[in-house]
Amino acid sequence: MRHILRTFTGLCVLCILIAVTGCDRPPENSTIERNTEPGAMAGEEREASANSTTADGTETVPAEADQATDTDQPAGAEKTSEKNVPREKFTGQAAEKNDLRPTADWAPDTTGEFPIGAFNNYIEKGDLDALRKRGKLRILTDVANTDSLHRAATQQDIEIELAKQKAEILGLEPVVLIVNSFDQLIPKLIAGEGDIIANNLVPTKERAEIIDFTRPTGTTHDTLISQADVAEVKSDDKLAGKTLAVTKGTVFETRGHELASQHPGLKLEVVEKNYVELALDVSLGHIDFTIIDEQIFDLVQQFRDNLKKNIVFEREDPLTIGIRKDSPQLKAALDAAIRNIKLTNPYARHLGDLDKIKERGVLRAVTRNHPGTYFMWKGRVMGYEYELLQKFAKSLDVRLEIIVAPTHREIFTMVRDGKADVAASLLSATKARDEAGMDFGPAYMNEKVSLVGRPDEKIEKLEDLNGRSIHLLRSSSQFELLMELFAEHPELKEIKIDITLVPEDLTIPQILDRVADGDYDLTIADDITVRLEHHWRDDVVNVFDLHVEDNYYAWMVRESNPKLLEAVTKFFNDPKIVKLRQTLFHKYFDEPKRTRDEIKSLSIKGEISPFDKLVKKYADEYDFDWRLIVAQMFQESTFNPKAKSWVGARGLMQVMPDTGKQVGEKNLFDPETSVRAGLKYLNWLHRKFEDKGISPENKMWFTLASYNAGLGHVYDAQDLAEQKGWNRKVWFNNVEKAMLLLSEKKYYSKARYGYARGREPYDYVRKISQRFRTYAALLEAYQRQQEVGAINCAIASAWPDWLRSAAGPCSPALTREPNQRASLSP
């Protein structure tokens, strides 16, 4: 569901982390510079012919050439011939100069959401009966909603979810089409390129002349925002030299003109940049003021806490969904949905049982960002608990709303206080929690618990803990367990053990990070979490099994909600869910450790991979250094064309299926398709760093980091680097250091894209850089060897026949043993 994909307090990136050493830069005489002309991402644009018109007055419009599939055709409609549908390649949009954060015209890796230029679109201006013939409801929204990975459900998210739910009720497939700026929404609706606008429109007099609106879905007030330390703006302030920027085409523009007329000297800028971006610009000090509504302010304040409402305008504005004129059927259907689906404030207090949850239509689940529960990877929200919660909510026929607890303690308090209905976060079913008014569903895991330290630790018995420190969350089951251990072993009182309580906002993986770094001595963790860490590191290990036999994990609900507990129990005991749990366990917890040895030699033919020719072909097309791409390919798949990662990435370049769809590629296990898809995506990312004053070499490092972790985290790292006084245009020893800091709460809590396992892109880029150097050196050594061999052959041609015969066939291989591989000297 759409809103779920944007609901979190920190985004945890989980994938392959590998320790790396070596140089940061490519070898001399080896260049990774490349120049890409606009439009190169998916080839040159084709000349589009005029729109065609069908017998019923419906038009077709140009669409993405590689996106045409049977599913793109309207339900019950005949497939439109290629001849009648002019197409052009979707090329994305290069970054503009002075554009701090380019808009995301690439769709998130989610089903049913597309940049409008990447969707096989059509013109439809009819009412609900015409939409039913098409089989789709196209929901227009601007990029601000998709590019803002915020942590709590907003009214706009709920409206989009409402539209999706209603589309499904009507038998229509919901399709979210993302435009690049707010002022494109109404023109595209009128033109028939979308069916509704789910962007919380204020029904102004000017808009009402050209489109219609549903009944109000809510209300809001506009507010002038500034940095928190800026003085309150008074009515007689001149504001000379101050800048107010507002988004073109919004009611905020009208407010801006009013405010500028009241404050002489205030410079008003009306821009196409979306309102969330402008709020971030205020936070970063690039502009002084902007105007947004209170709901958007609440969204932004979740990850930028240095903003404040400087003025709240008195007028209250209704919020609506926009529809085309003369659409009474669609208006009636949407109005009915708004009346019948009761929207809920995620922070309101609701203590009701299952009947009340169904009445609200929302199941609120509290969890934490953790690689086993709830996290984001390459734009996709994932997690063992998350996938189970999705299934559970669907079984209840309600919407799932994820609430991420800012601290471990608040997992409990949010359920107790009625701010969440169920807690699902690999929670142990402890006696203390049971006695505090909680009930637990069926146990779905039983994991051993151990003391965890560094690999060189030797603890063979509890007495070896004398003089050691154990770092724990006070609210955790591990702390309860240690207290029980002390009660069962009175002799431990004679041992000096320091129990250090850590900040409650830390997660277990973050505590393990500090143990690995030597900041903490020891901690206690379950085997699941340690195994997850071993997917990318080996510097934390179980050093002593505490032999806890009853460490069961289960979902937690209030004991005053027996019907909800009954539903949870029924869900977990369903044979289909039992099987699903086994699948999910393997997916998230049983994957083998991801280690990759460095390649040390070339093949006898002088190749660095079995796919050199393919890589050269497409690297040349997009002006990338082919050796660098091979180095990246090895990092992604170790040259296995059938590789499939635990998150579903496929093939040599480990492209996600949804990303493949966006670049028009399907069979990602085919080597050529995978290489082509990977290079298309890499090229699109590379263009996001154009016109920024970044050197060609650094653009490649930023591009690789984005391929691995996503653009959002790289943008955050650039912002943080600038705040720390480091160079935002240089990756090594500058932005990469900031990327590492994004795993610390004091930094990621203020980052737009939240929590990141910064070690992954840090290692990823360094590993590829090192391997690139190795490949370049190997190839140069091989070339020299070939040249020496050619000279030797020329000399040998003057030898007597008997000597040449004794030496064997003359070839460059004369300089080495027949099966010896060219290798890099130590």
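This is a short chat about a few strands and residues in a predicted model.

Q: Before we start, what should I know about the numbering and the model?
A: Residues are numbered from 1 along each chain as its sequence is written. The model is predicted, so local features need pLDDT of at least 70 and side-chain atom pairs pLDDT 80 or more, while totals for chains, interfaces and linings use all residues, and side-chain values use heavy atoms, leaving out hydrogens and water.

Q: Cool. Is strand 5 mostly covered or mostly open?
A: Mostly covered: 6 of the 7 residues in strand 5 (residues 173–179) are buried. Buried means under 20% relative accessible area, with a 1.4 Å probe and protein chains only. Strands here are DSSP runs of E with at least two residues, and helices are runs of H or I with at least four.

Q: How many bridges join strand 4 to strand 5?
A: There are 7, and strand 4 (residues 136–142) runs parallel to strand 5. Asp142 stands opposite Val179 there. Strands pair if DSSP finds at least two bridges between them.

Q: And what about strand 3 and strand 5?
A: Those are parallel as well, with 3 bridges joining strand 3 (residues 113–115) to strand 5. Phe114 has Leu177 as its bridge partner.

Q: New topic: where is Arg134 found?
A: Arg134 is in helix 1 (residues 128–134).

Q: Why does Thr413 count as buried?
A: Because its relative accessibility is 16%. Thr413 lies in helix 12 (residues 409–416).

How values were computed. Buried < 20%, exposed > 50% of the residue type's maximum accessible area, 1.4 Å probe, protein only.
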